[in-house]
Amino acid sequence: MKKTLTTRLTALALVTVLTSSFASSMAFAESAAATSPTTIKSDMRLAVEKGAVEGYGDNDYRGANEATRAEVVTMINRAANLTKADAGSATFSDLAAWQKQAVANAVAAKLISGFADGTFHPNASVTRQELAELIVKVVTGGQMPKVNENVLNYFKDSASIAQASRPYAAYAVISGIFAPSLDGNFNPTAAVTRDEVAKALKPVLFKVVDILSTNDIHGKIEVGFDKKRNQEQGGIETLGGIVNDFRAVNPKGTVVVDGGDAWQGTLISNTTNGQSVMDTMAQVNYDAAAIGNHEFDFGRDVLINNIKNAKFPILGANIIDDKSGKRVDWTQPYVIVEKDGLKIGIIGFATPQTTTTTKSTNIAGLSFVNPAPLAKELSEELRAKGVDIIMVTSHLPGEQNQKSQEIISELADLANGTGNGTLDAIVGGHSHLRVSGIVNGIPVVEAQSWLYAVGHIQLFVDKTTKKVVSSNASLLETYTNLTTADSKIHQTVEDYKAKISTKSSEVEVVVAEPLTRKSFRYAANGSVERDGATQLGNSITDAMRAAEKSDIAFTNIGGVRADLDKGNLTYGKMFEVFPFGNYNVTGTMTAAQIKKALEVTDKYSNLPAIQFSGLKVEWDSTKPLGEKYSKIALVDGTPIYVDGKFNTERTFKVTTNDFMATGSGDGFTVFGEVKDWKDGAVMLDAWVDYAKSLKAAGKELSVQDDGRDVRLDLKK
């Protein structure tokens with residue numbers, strides 16, 4: 001029996017909305033964190049309000065009870081408004097009167113059938129794979145769904161999913177009907193509860209917007225490798241595959257945004273001023289991106305040119321020209337896109353931290369203001385333009401307590417500072433952390449960095465009012481076995497790799513042991529990474545001091561961006577460690593200024609973490625700020641600060657990087673006091689030359705703790 005036109009249209013509408021999210025189907029349990037003061041309606045309550053679920057006469061919906069075949073069919077019949085069939089056509093011998101109409105409708109729509117003995121088994125339970133097949137058949141009009149089944153590799157028991165059910169299960173996972181954790185079980189034959197059915201009905205009852213987000217790509221468009229899982233991971237071709245999977249299921253309701261710091265950080269990107277990243281992002285077909293602090297690293301002219309030539313909007317609503325007091329004219333504050341009949345406003349924000357995390361000469365004359373007031377103002381402006389949903393993509397950092405799941409930092413500040421009804425979703429960046437949850441009723445995400453995760457916010461929108469009625473936030477994994485890489489993007493990356501292959505593969509020296517950015521005392525200090533001298537910090541500052549023939553060299557720990565494996569050290573790998581193109585500057589400092597630089601504490605560890613060469617120091621973390629260091633001397637024993645006394649008889653030749661020399665980088669204001677800075681070698685070149693000199697002498701690069709940095713309170 002063929003479906004009527006009404007039923008076919010219903011199915012087409014459902015294709016649009018049954019698309020929801022990998023939610024955490026691709027990573028972690030979807031989050032509705034307790035950080036929100038807003039009353040969040042349960043899936044069951046939403047289903048009840050939409051008339052898909054009725055109680056038992058006592059206002060009890062028995063959510064934890066296993067759902068029977070008759071109950072599931074009845075719920076789907078109400079939610080999808082199936083075409084009414086002749087109730088008498090349901091001739092199964094074991095149906096109750098209340099079950100016949102819904103069963104007849106479902107059978108006529110070819111969603112379900114009975115058994116050979118003429119029974120329906122209305123009180124039998126429904127398994128997870130059966131629910132997937134039932135719901136997806138409604139969406140596809142009974143057709144086999146065209147979907148990438150690789151997503152089922154998320155499950156340890158993937159092989160136990162019935163072959164005939166696999167495409168339906170994959171579609172349901174991408175649609176967010178099931179939300180398992182990575183390497184969890186799908187449990188295909190487990191019975192579903194009424195609560196689980198209510199959740200599965202949400203994409204039927206509401207329009208669904210899937211927001212996929214990246215941040216801090218830092219030029220890392222090539223596929224990487226997770227040593228712990230022994231699995232390839234990341235790469236923009238993998239992202240392209242995930243986006244393709246979502247668009248196959250939710251072609252009209254998928255939004256893709258980036259949270260900034262997209263193109264600075266790898267040889268494949270920096271050699272083209274980010275063009276390789278821009279080109280591949282265009283192939284992904286991003287809807288919008290925010291401006292990160294490192295977007296300024298190639299200079300403001302390059303940023304403006306990239307914005308001008310980008311095939312997607314790059315946004316910065318809170319970047320203010322100091323002279324005019326107005327928003328800069330080379331970027332736009334927001335963009336409006338239309339998805340499945342919904343107008344979605346996307347506002348872009350930079351982090352106010354840009355003023356201290358970016359080379360000051362590249363942002364001279366600019367201010368990066370608090371985004372919350374602007375979010376309110378622009379939200380009103382967008383609502384006046386008929387926008388239904390308002391979201392933010394930003395470089396605002398977030399942090400999340402793994403035990404309490406509380407979210408803090410600028411990401412949470414924006415959510416808490418705007419009030420309910422202002423924003424419907426917020427995407428962040430900058431801190432390179434995994435963050436997902438609900439703050440003040442608003443879903444927020446930050447997806448680590450390097451394309452090693454993808455943020456996913458799922459919005460359920462009332463079809464009549466076009467208001468968001470429910471949402472969740474989660475992270476998707478980017479292991480290559482979970483999707484199929486986009487072949488066109490893969491080829492673009494390969495073409496760019498070919499252009500840099502000779503230089504990238506040039507071996508500069510052999511590394512004797514793995515070199516990391518972790519503190520030498522990591523095992524003794526409670527596993528705090530940013531705590532004084534590190535292997536890579538020692539090597540890099542030794543190279544700086546050697547290149548400029550200075551007494552002392554300093555660099556910031558945040559500028560060292562990757563660890564090194566044992567074995568051949570190529571130019572490409574060295575570039576990944578030192579990608580920012582900074583150069584040495586050398587000037588004159590007093591003993592008091594040197595101590596002041598050492599006393600600056602890292603914002604993440606609250607401990608001194610400056611990397612240095614040419615000194616031997618002793619300090620105590622229990623001492624007050626500014627009084628931690630008790631002994632500072634050159635390696636030849638010349639005192640700088642010993643027993644409370646400064647060496648006032650001489651000054652010292654000091655090398656640092658041009659970022660820190662401005663006095664506005666990472667809080668090292670003391671370097672701004674120096675008036676005779678002179679430019680020197682590019683830092684990467686100096687380090688490469690240092691490595692080559694070791695190779696020429698027949699030596700390997702090995703960095704042991706030479707005692708230059710002694711923390712006294714750990715010696716007690």
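This note goes through selected local features of a predicted model.

1. Helix 5, extent. Helix 5 covers residues 128-140, 13 residues in total. From its first C-alpha to its last it reaches 18 Å. That is close to the 18 Å expected at 1.5 Å a residue.

2. Helix 5, surroundings. Is this helix enclosed or open? Of its 13 residues, 11 are buried, so helix 5 is largely enclosed by the rest of the structure. The buried set begins with Arg128 and Gln129 and continues with Leu131 and Ala132. It then takes in Leu134, Ile135, Val136, Lys137, Val138, Val139 and Thr140. Charged side chains are worth a look here: Arg128 and Lys137 are among the buried residues.

3. After helix 5. Glycine 141 comes just after the helix. Its phi is positive, at about 65°.

4. Helix 8 against helix 10. Helix 8 spans residues 236-249, and helix 10 spans residues 275-284. Their axes come within 9 Å and cross at roughly 15°. An angle under 35 degrees counts as roughly parallel, so helix 8 is roughly parallel to helix 10. The crossing of the two helices is right-handed. Which residues make the contact? Helix 8 contributes Ile236, Leu239, Gly240, Val243 and Arg247. Helix 10 contributes Thr280, Met281 and Val284. A general point helps in reading such lists: an α-helix has 3.6 residues a turn, so residues three or four places apart point the same way.

5. Serine 613, position. This residue lies in strand 23, residues 611-613. Is serine 613 buried or exposed? Its relative accessible area is 1%. The cut-off for buried is under 20%, so serine 613 counts as buried.

6. Serine 613, polar partners. Its side chain makes a polar contact with the side chain of aspartate 542, at 2.6 Å. The serine 613 side chain also makes a polar contact with the side chain of arginine 545, at 2.9 Å. Both partners recur in the wider contact list, which leaves aside neighbours within four places in sequence. That list also holds Thr541, Asp551, Ile552, Ala553 and Arg708.

7. Tryptophan 450. Phi of this residue is near 60°, a positive value in a residue other than glycine. Tryptophan 450 is found in the loop between strand 16 (442-447) and strand 17 (454-461). Its relative accessibility is 23%, so tryptophan 450 counts as partly exposed.

8. Serine 527. Here too phi is positive in a residue other than glycine, with a value near 65°. Serine 527 is found in the loop between strand 19 (507-511) and helix 16 (535-548). With a relative accessible area of 44%, serine 527 is partly exposed.

9. Glycine 325. Where is glycine 325 found? It is in the loop between strand 7 (319-321) and strand 8 (334-339). Its relative accessible area is 53%. Exposed means over 50%, so glycine 325 is exposed. Glycine 325 and glutamate 49 are 276 residues apart in sequence. Their C-alpha atoms are 49 Å apart in space.

10. Alanine 96. This residue sits in the loop between helix 3 (69-80) and helix 4 (97-108). Alanine 96 is partly exposed, with a relative accessible area of 30%. Asparagine 401 is 305 residues from alanine 96 along the chain. The C-alpha atoms of the two are separated by 51 Å.

Key. Residues numbered from 1 in each chain as written. Predicted model: local features only at pLDDT ≥ 70, side-chain atom pairs only at ≥ 80, totals over all residues. Heavy atoms only, no water. Helix = DSSP H or I, 4+ residues; strand = E, 2+ residues; numbered from the N terminus. Expected span 1.5 Å × (residues − 1). Buried < 20%, exposed > 50% of the residue type's maximum accessible area, 1.4 Å probe, protein only. Polar contact = N/O pair within 3.5 Å; in protein donor to acceptor, adjacent residues only side chain to side chain. Contact = heavy atoms within 4.5 Å. Axes fitted to C-alpha atoms, helices over the stretch in contact; angles between N-to-C directions. Parallel < 35°, antiparallel > 145°, perpendicular 65-115°, else oblique. Left-handed = near helix turned anticlockwise from the far one by under 90°.
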